[in-house]
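User: Before we discuss how the strands and helices are arranged, please show me the sequence and the model.

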Amino acid sequence: MIAGEPMETGNAGAPATAGAFPDAGLAAELGRVLVVGAGSMGSAIISGLLGIPGFKAGSLVVCDHHQDRLADLAQRFGCATFSSAAEAAQTLAPDTVILAVRPGNALELARRLEGAAPSGQPLLVSIMSGVSNARLTELFGSWSRVVRVMPNTPLAVGAGMTLVSADAPAGPEAVALAVRVFAAMGDALALPEALFDEGAALSGCGPAYFELIVDALARAGVRHGLSRAVAQRLANQTMLGTATLLARTGKHPQVAIDEVTTPGGTTIAGVQTMEALGLRTALDEGVSAAVERAKGQA
């Protein structure tokens with residue numbers, strides 16, 4: 001892989017769904033998996049793991065301090081649950097550990113897991129925003145094989161976009177494995193650590209930006225007489241369809257815009273007004289703010 005160039009996932013730019021590209025050997029390579037954190041992202045990852053061909057609930061253990069979450073997951077998936085991460089690690093002797101917790105909990109979690117690393121060098125995958133490779137190594141060095149990733153919330157419906165740090169301490173084979181795991185839940189690519197925060201500010205935070213735009217469009221529709229249900233449906237499907245169009249055709253967005261903006265028409269009137277009011281600048285500044293915050297957390 002050329003430095004600075006993302007690792008290909010084999011999806012050829014097309015929108016992927018979980019299980020759309022079966023990877024028969026992936027479950028065996030993952031082995032026994034411990035997921036620490038059962039919030040929205042952790043639960044989405046659990047669902048994605050169980051969608052991997054050959055991966056069984058018996059190979060999965062989930063740890064969280066919310067007992068109601070654990071009870072729900074045990075009932076839904078039949079997986080084992082623990083409230084103590086250290087106890088879970090020692091009991092399961094996992095081959096793969098996924099840390100799906102808030103970055104502010106990193107130090108406390110590292111202290112709890114200190115000395116709990118099983119033999120055999122398990123792979124530790126962190127989705128903690130803003131926690132760099134250097135910091136992960138400092139915190140979880142005893143686990144030796146650490147990979148930093150950043151998924152996004154569409155993972156929950158098999159349409160996630162996940163970044164994997166190409167410079168992860170675990171090495172290129174572990175990076176490739178992490179890419180394969182998260183590509184099974186949508187799409188995934190490896191980026192150099194030097195660009196990781198920038199990429200995460202786009203794809204990791206991006207769902208909120210798009211949701212903000214969709215909500216604004218739907219509200220505009222309501223203002224002009226549409227019901228909320230109709231306006232929301234129009235905005236949702238238009239966003240989904242446009243993203244699919246761009247991904248499948250590979251068209252530059254400006255080319256696609258030009259194709260629907262007839263001279264003196266309604267679309268060009270709307271586009272020019274939005275640009276005059278600073279839509280592009282607002283999005284650019286928003287991404288920049290997210291990058292700065294991520295670097296401040298490192």
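The questions below deal with the sheet and then with a pair of packed helices.

Analyst: This is a predicted model in which local features need pLDDT of at least 70 and side-chain atom pairs count only at pLDDT 80 or more, while totals for chains, interfaces and linings use all residues. Residues are numbered from 1 along each chain as its sequence is written, and side-chain values use heavy atoms, with hydrogens and water left out.

User: Which strands stand at the edges of the open sheet?

Analyst: Strands are DSSP runs (E, at least two residues; helices are H or I, at least four), numbered from the N terminus, and two of them pair if DSSP finds at least two bridges between them. The open sheet of 8 strands, with mixed pairing, has the order β3-β2-β1-β4-β5-β6-β7-β8. Each edge strand has a single partner, so one side of it is left without a neighbour in the sheet, and these strands are β3 (80-82) and β8 (186-191).

User: In β5, which residue is the bridge partner of T96?

Analyst: Strand β4 (residues 96-99) and strand β5 (residues 123-126) run parallel and are joined by 4 bridges. Within β5, the partner of T96 is L123.

User: How are α8 and α13 oriented to each other?

Analyst: Helix α8 (residues 196-203) packs with helix α13 (residues 279-297) at about 130°, their axes being 8 Å apart. Axes are lines fitted to C-alpha atoms, for helices over the stretch in contact (heavy atoms within 4.5 Å), and angles run from 0 to 180 degrees between N-to-C directions. Angles under 35 degrees count as roughly parallel, over 145 as roughly antiparallel, 65 to 115 as roughly perpendicular and the rest as oblique; α8 and α13 are therefore oblique.
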